[in-house]
Amino acid sequence: MSPRWPWSELGLAKPTTEREVKRAYAVRLKQIDRNDPAAFGALRDAFDAAKRQALEDDAAPNRPSMADIMEGRTGQDDAASVTLREPVRPTDTGHPPPQETTPDQEACRTKPQTDDTGHSPIAEEQFAQLPDPPKATLNPTTARPWGLGIGQLDALAQKDLDAALSIFQTKFNDALRPMYWDTKALDALLSLNMAHDLTLRRRLEEQLYDSLQSRLSDPETGYPTGMARVVETHFQWATDGVGASKRLGWRPDYQLLMYGHAQSLPQDEKAATRQTSRNKETYLWHKVGIFVVLYLLTISGQETEGAYADFAVFVALALIFIAVRVLTILSVAIIVKLADLLRLNRPAIRLAHWAFPATTAKLATSPEFRRLGAFVLTAVVLVGLYLIDKYA
Amino acid sequence: MTQPIIGIDLGTTNSLIAVFEEGAPRLLANALGHRLTPSVVSFDDGAVLVGEAARDRQTTHPKQTAAAFKRAMGTETTFALGPKSLRAEELSSLVLRKLKDDAEAALGQTIRDVVVSVPAYFNQGQRQATMAACAMADLNAVRLVNEPTAAALAYGLQDREGESQFLVFDLGGGTFDVTVLEHFDGVMEVKASSGDAFLGGEDFSEALAKTMADKIGTPWAKLGADIQQQLRLQADVAKRHLSGKDEYEARIKIDSTHHGLTLTRTDFETACAALIKRLHRPIERCFYDTGLDTDGLDRVILVGGATRMPMIRQMVARQFRRLPEMTIDPDHAVALGAAVQAALVAHDRALDDVVMTDVSPFSVGIETATRLKNGTSIHGFFQPIIERNTPLPASRQQIFSTMSDNQTNLRIDIYQGEAPKVSDNVHLGRFDINVPKGKAGQESMFVRVTYDPSGLIEVEATSISTGKQAGIVISDNVSNLTEADIAKKLKQMQAFKMHPREDEANVTFMARIRRLYEMAAGDDRHMLQDILMAFEAALEGQDPAEIARMRGDMGETLDRIDDYYVS
């Protein structure tokens, strides 16, 4: 940042406490031209650097450090560690707040108390509705915790957070199996109240990213719309890529993956609608055009016949055209389903690309399409069995 | 005489205007003596009605009335009012004109320079539309202030010496903003802002209205637009009642059948569960960007009328494990703060020791392309240069280079937003820069983005080899409209005749009787008809004292009927 000694920029002689740094910054800020980006930027950088230094020098940081977060301290499970740090707190700012309750004390408070904090009083019952901090005791009543449904996890988390967390993680890993993503389970898990914990969420997001990354280095492939939808609902990669890049840090091929994600999300979910409607229109004209050409062909081929015969030939041609089209779709559906059953996702997508250059892999990889494949496959097998039974 | 220092809160549901005098902000009342002016516009025989009368006309004349148009700011959406069709900024300009007229009457001075508040999460297009609305109302918006920042200023002024980290949770009629601030030594420093420009109290009403439709037994989609609108209004009332009580008895008239339904607070909370979930995301973003966690906060402040809902307060209390504060009326805080901001811009002596720094709510960057290993190139990546939540003013630069051999022209497309694909972000402007021929990647340039607190964004590219420069300035001010265009628009808008001010109380009263008549049944209807006729007769008589007396007397009756049917 600023090459200069940050403390001199702030008008301070030497590194000092956070309180002094803030005071000095406030004084300088009122002196400079606050519309000048260069002056403001230099002061700002100096302030940030000096403040960071002051916080590092502090024996007892009053906010949880990065290390705490890395260790998985969720901020609600260990009241003990908060109270341990409590006695040192007044020295850290040199400014013990006389009347306001420290945030830490409030975090430990479990019962409604009289409002002596200077906050405006709001009905006490609201306090009563705050969840009690979960107690870290073993709970023998949950006999078969692994058989719990996802919906029951929140209740378990209230009683026994550790157990709930480990079940959560197992279920999450299950849903992220390398070849098959259980998007419904993922969505349900991420929607749980317990998944709103910031630290846990960060870890889940990274896990999701790695799972996607290992499979989709090629943005052309895209990934199932269902998966894109779940990721978007919970992590907003397509609408908040900048935030995601901050959270995830530098990762290889980050931009491509994000782009691929945004690409495979249905348009209407990103509020850009104008383009799709135009595409639909051209698609329709394309179809109408084919029939017009067919009709002209039949007329030119049979000059002498009556109009009725012309029409019949046209209809026949059109029917054949439609039948061929439907048969192709059905057979591709079968093949895609088979490939899916054999866990050959990549070839299936390639095939879909080849068969439907216009609609791309999105259609072919959608669950509806696979369901169609399964249906047609069953139908073909049944008819085959029937025929074998009849003639053999 | 010096110009009065004015701040305006142009809200989705209600708008307010405040003046800064003698070191403190003060709200100005409208012609009816109320501080809240509903942001509703209605046309009545060519004359424009704004405020309570227009709000009552939503029931009686839905086709001539428009509300909640702030949500369409910066879009091409038009609202049909009778034969006319108006855009959101034009409707907003009518609201602004009403506020201006009222404030001028209250102060006895003309008003020109104002500070207008916008949701922190408004993008450049929405901000430009707000500025255009001001210009069309013949107001000069010297600055736009972010709503949560304004609220924080209002709170900060109460406690100038204090030192605290706090969070402003601003859930208005149509928008949601979260801002984390630090206040020390007279410095009000915004650390991070985030939000959802399409989430507000109106969505909660809508959810409740759909629950009501379910209870009646008719699917929401099958109800006509008129009944949907009626349910929405009823839901709005029910919502306010459910903030105080656990149960509310709603009476709804559909096609002359009356339905009585019981709504409980649990019904309401179930209907809004998904909306509550959406509130979490911006909060998460804010915390991530500041590196804070909930324990680092000293205070949580609630702003915006929708925060009166108990479920919101519970959610806030649970999320932050702290009792939220509402010492300033949540409807008033933003307007008061906007007036403080106006005083800061005008360098008012009373605020010499107060400084405010804000952040950019969005990232600003340019479009880039990338060549893959297999030789194909992909366009449309968004490369942020100034990341969101950077303190303003800020100036940052990055180096970019050519992608193909002998490329001589580089096009710089500037975008605002957070999406990795530029097509999902807001396009701000573009310019070209020429560079000498060379191998791919050999020619490069600096792109510098400068973003100042008044919302001005300046982008400048400098070729490294030749030193040639090119650039563009993007401002909140309506960049695509010239002075002449604005003058023309202003004239167009002034052609709309406002209802005379001295009439307003009567017009509002009549609109209220008509609305009640529409809702009432049986004997009440007859009574209302009598009241209407008596009042019309009094108006014919043209005796102001008599009319005022009747308004007072009948007002009580109307209150009673209102109590029974709606409120």
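**Reading a two-chain model, feature by feature**

Me: What is the secondary structure over residues 311–336 of chain A: helix or strand?

Reply: Over that stretch the chain is 100% helix and 0% strand, and its end C-alpha atoms stand 37 Å apart. Keep in mind as we go that this is a predicted model.

Me: Which feature does UniProt place at those residues?

Reply: An unreviewed UniProt entry gives "transmembrane region" at residues 311–336 of chain A, and also at 283–299 and 372–388. Residues 372–388 of chain A are 100% helix and 0% strand, with 24 Å between the end C-alpha atoms.

Me: How many helices and strands are there in chain A?

Reply: Chain A has 20 helices and 0 strands. Of its 392 residues, 38% are buried. You can also look at contacts between residues at least 6 apart in sequence: in chain A, 58% of these join residues at least 24 apart. Finally, the accessible surface of chain A is about 22800 Å², and carbon and sulfur atoms account for 62% of that.

Me: Let's turn to strands. What holds the strands of a sheet together?

Reply: Strands in a sheet pair by backbone hydrogen bonds, and the pairing is either parallel or antiparallel. For a case here, look at chain B, where S15 (residues 247–254) and S16 (residues 257–264) pair in the antiparallel sense over 8 bridges. Within this pairing, B:Ile254 sits opposite B:Thr257. S15(B) and S16(B) make a hairpin with 2 residues between them, and B:Asp255 in the turn has a positive phi of about 50°.

Me: In what order do the strands of the open sheet in chain B run?

Reply: The order is S21-S24-S25-S26, 4 strands with antiparallel pairing. At the edges are S21 (394–401) and S26 (469–474) of chain B, each of which pairs on one side only. From one strand to the next, the twist averages 15°. Inside the sheet, S24 (residues 444–451) and S25 (residues 457–463) of chain B pair over 7 bridges, with B:Ile457 as the bridge partner of B:Tyr451.

Me: Loops look harder to read. Where is B:Pro393?

Reply: B:Pro393 is in the loop between S20 (377–386) and S21 of chain B. A cis peptide bond joins B:Leu392 to B:Pro393, with omega at about 0°. Phi is another thing to check in loops. B:His347 is not a glycine, yet its phi is positive, about 55°. This histidine lies in the loop between H10 (333–345) and S18 (355–357) of chain B, and B:His347 is exposed, with a relative accessible area of 61%. B:Asn406 has a positive phi too, near 55°, and its place is the loop between S21 and S22 (409–416) of chain B. B:Asn406 counts as partly exposed because its relative accessible area is 47%, which falls between the cut-offs of 20% and 50%.

Me: How many aromatic pairs are there over all chains?

Reply: There are 10. In one of them, the rings of A:Tyr25 and A:Phe47 have centres 3.9 Å apart and planes at 10°, so this pair is stacked. A:Tyr25 belongs to H2 (residues 18–31) and A:Phe47 to H3 (residues 37–57) of chain A, so the pair ties together parts 22 residues apart in sequence. A:Tyr25 is buried at 0% relative accessibility, and A:Phe47 is buried at 0% as well.

Me: Which pair is tilted?

Reply: One such pair is B:Phe287 and B:Phe320, with ring centres 5.9 Å apart and planes at 50°. The pair links H8 (residues 273–290) with H9 (residues 310–320) of chain B, across 33 residues. B:Phe287 and B:Phe320 are both buried.

Me: Which residues do ring pairs link into a cluster?

Reply: A:Tyr25, A:Phe47 and B:Phe184 are linked this way.

Technical notes: Residues numbered from 1 in each chain as written. Chains lettered and ligands numbered in written order. Predicted model: local features only at pLDDT ≥ 70, side-chain atom pairs only at ≥ 80, totals over all residues. Heavy atoms only, no water. Pairing = 2+ DSSP bridges. Axes fitted to C-alpha atoms, helices over the stretch in contact; angles between N-to-C directions. UniProt positions renumbered as here; feature names shortened; annotations may be inferred. Buried < 20%, exposed > 50% of the residue type's maximum accessible area, 1.4 Å probe, protein only. Contact = heavy atoms within 4.5 Å. Areas by Shrake-Rupley, 256 points an atom, 1.4 Å probe, with all protein chains shown as cover. Phe/Tyr/Trp six-rings, centres within 6.5 Å; stacked < 30°, edge-to-face > 60°.
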